[in-house]
Amino acid sequence: MRVLFATSEVAPLIKTGGLADVSAALPAALHEMAVDIRILLPGYPQVLKALPQLQVAAEIFIQPSFPVARLLAGSLPNGVPLLVIECAELYERGGGAYQDEHGLDWPDNAQRFGLLSKIAALLSCADSPLDWKPDIVHCNDWQTGLTPAYLHFSDGAVPCVMTVHNLAFQGVFPPQMVAELGLPIECFQPDGVEFYGSLSFMKAGLYYADHITTVSPSYANEIQTDALGFGLQGLLAYRRKNLTGILNGIDTTEWNPATDPNLAHPYNLTDISGKSANKRELQKRMGLHIDPDLPLFGLVSRFTPQKGVDLVLEIAPQLIALPAQLVLLGSGDVEMQRTALELTHHYSGQISAYVGFDEALSHLIEAGADIFLMPSRFEPCGLNQMYSQRYGTPPVVHATGGLIDTVLDCNATSLEQGVASGFVFHNMDTPSLLATVQRATIAYHDKKTWRALQHNCMVKDFGWGQSAAAYHDIYTHLMRR
């Protein structure tokens, strides 16, 4: 089985969020299952710098719609084959994958990711410039959403899977881009790529793909509702027979408290004593009072309303009055960043925030915190709640998406059954979050309950095996059909 995996980011080369982690781990898991999979990725400066040994595989001429490009071949550090689109005009610039140095979207994002989509389709058609042709093309989020549309209007095309990682981001552009991107004008209609008078990359993928997947079973249901469908709920409900929710996994090699090089003290399920030492190290590094008895809450997140960080900042004074401590790591909304730093100054030794991102610190927070906070308003899958459980750090989560699929609320029944793994609240407001934080604190001071909870977390399997097998089944079904 040959699979082309088209994505706009992949760790560790270029990362803005969970898509990069999935784009590294899922192809690796499929590769281990003997799937001949190749990742297609734009040639950002970070990618070209990290992989100087890339070899030219093909020249790409798709005039007049796009600039001339070259296809470079190599592999990721994990050994998965990689195809990189070299196009200096569209990709080789400062800033990030989607935005400039000032946080503004690149004005030519339609062309940038139109080219990614077009080349993914080209490599999957009869006139591919490569000897290798996939049996399946797997697209990810709006940045590759035009691929199914291009395939629909091509000769010798292969089946296409479209994965929705976050429906909130849709890639919506002016209608004139339809012609500029080389799409036939007849596709610009409600039964096509048109979305309230504009061109939607995401809608194109959802409409034309042979099968749609999302990153958790609950999210697959949520995006068919008005609350989380973002205007596409009708189309998704119409396509529900071709819609599957598959829970993401995590890289259990990178996220392993027994071997994690970012930790001051390794530990495992049978000897968890190192966790206390990591807590002490985290308190020391973040300028908190060294106190082994106070519950330490940790948060690693983008500072956005979606992640519920505003609620955490609002209850912070009540949280430390329990008493407890709070560590925050992340960046995003300027006002949230300012509030987090003000809390750090006002409650020195009790609250500490690091604005920015530090990979090593994120690992230490997962290990050194006692309780992890993840009160997202919506969360397609989420990874940090799985990382925290693997590190014996029960999470507090809102009952949504992948959070409710991976965290079982701690209560008398779930404890007795040996399945409790965190604390779940249902109303997205500060009283509910605070009440759940208080409930977690009470459980923390019951050492027998807490040890049982940590055990339940750490025995759970969050690896990619099951998820990769589910994708393999979908690929096989589409090939047979």
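## Sheets, a pocket and local backbone features

In strand β16, I371 is the residue that stands opposite F297. The model is a predicted one, in which local features require pLDDT of at least 70 and side-chain atom pairs count only at pLDDT 80 or more, whereas totals for chains, interfaces and linings use all residues. Residues are numbered from 1 along each chain as its sequence is written, and side-chain values use heavy atoms, with hydrogens and water left out.

The F297–I371 position belongs to the register between β13 (residues 296–300) and β16, two strands that pair in the parallel sense over two bridges. Strands here are DSSP runs of E with at least two residues, helices are runs of H or I with at least four, and both are numbered from the N terminus; two strands pair if DSSP finds at least two bridges between them. β16 (residues 371–374) also pairs with β17 (residues 395–398), again in the parallel sense, over three bridges. In this second pairing, V396 of β17 stands opposite L373. Side chains of β16 are directed to two sides: I371 and L373 point one way and F372 and M374 the other, and all of them are buried (under 20% relative accessible area; exposed is over 50% and partly exposed lies in between, with a 1.4 Å probe and protein chains only). Helix α14 (residues 384–390) joins β16 and β17 in a right-handed β-α-β unit; right-handed denotes a clockwise path from the first strand over the helix to the second, with the strands pointing away from the viewer.

These strands form part of an open sheet of six, in the order β15-β14-β13-β16-β17-β18, with parallel pairing. β15 (351–355) and β18 (423–425) are the edge strands, each paired on one side only. From one strand to the next, the twist averages 20° (axes are lines fitted to C-alpha atoms, for helices over the stretch in contact, and angles run from 0 to 180 degrees between N-to-C directions). At the β15 end of the sheet, β14 (residues 325–330) runs parallel to β15 and is joined to that strand by five bridges. A353 in β15 is the bridge partner of L328.

Another open sheet comprises nine strands in the order β3-β4-β5-β2-β1-β6-β7-β11-β12, and its pairing is mixed. β3 (55–60) and β12 (243–245) stand at its edges with a single partner strand each, so one side of each has no neighbour in the sheet. The twist of this sheet averages 25° from one strand to the next. β3 runs antiparallel to β4 (residues 69–75), to which five bridges join it, and Q55 stands opposite A73 of β4.

Helix α7 (residues 201–208) has seven of its eight residues buried, so the helix is largely enclosed by the rest of the structure. The buried residues of α7 are F201, M202, K203, A204, G205, L206 and Y208.

The second largest pocket contains about 310 Å³ of space. A pocket is an open set of points on a 1 Å grid over the protein atoms alone, with protein on both sides within 12 Å along at least five of seven lines, and lining residues have an atom within 4 Å of a point; the volume is that filled by probe spheres set on the points, which are joined across faces, edges and corners. Sixteen residues line this pocket, and S276, K279, P292, D370 and Y444 are the closest to its centre. Helices α10 (274–285) and α18 (447–458) each supply at least two residues of the lining, and α10 gives the most, with five residues. By type, the lining divides into five nonpolar, four polar and seven charged residues (Ala, Val, Leu, Ile, Met, Phe, Trp, Tyr, Cys and Pro are nonpolar, Asp, Glu, Lys and Arg charged, and the others, Gly among them, polar).

Most residues other than glycine have a negative phi, and most peptide bonds are trans. A cis peptide bond joins A11 and P12, with omega of about 5°, and P12 lies in the loop between β1 (2–6) and α1 (18–32). The bond from L322 to P323 is likewise cis, with omega near 10°; P323 is found in the loop between α11 (309–320) and β14. Positive phi values occur at D141, near 60°, and at F230, near 50°. D141 is placed in the loop between β6 (136–140) and α5 (146–152) and is buried, with a relative accessible area of 8%. F230, in the loop between α8 (217–222) and α9 (233–238), counts as partly exposed at 32% relative accessibility.

Note on methods
1 Å grid on protein atoms, 1.4 Å probe; cavity = no way out; pocket = protein on both sides within 12 Å on 5 of 7 lines; lining within 4 Å.
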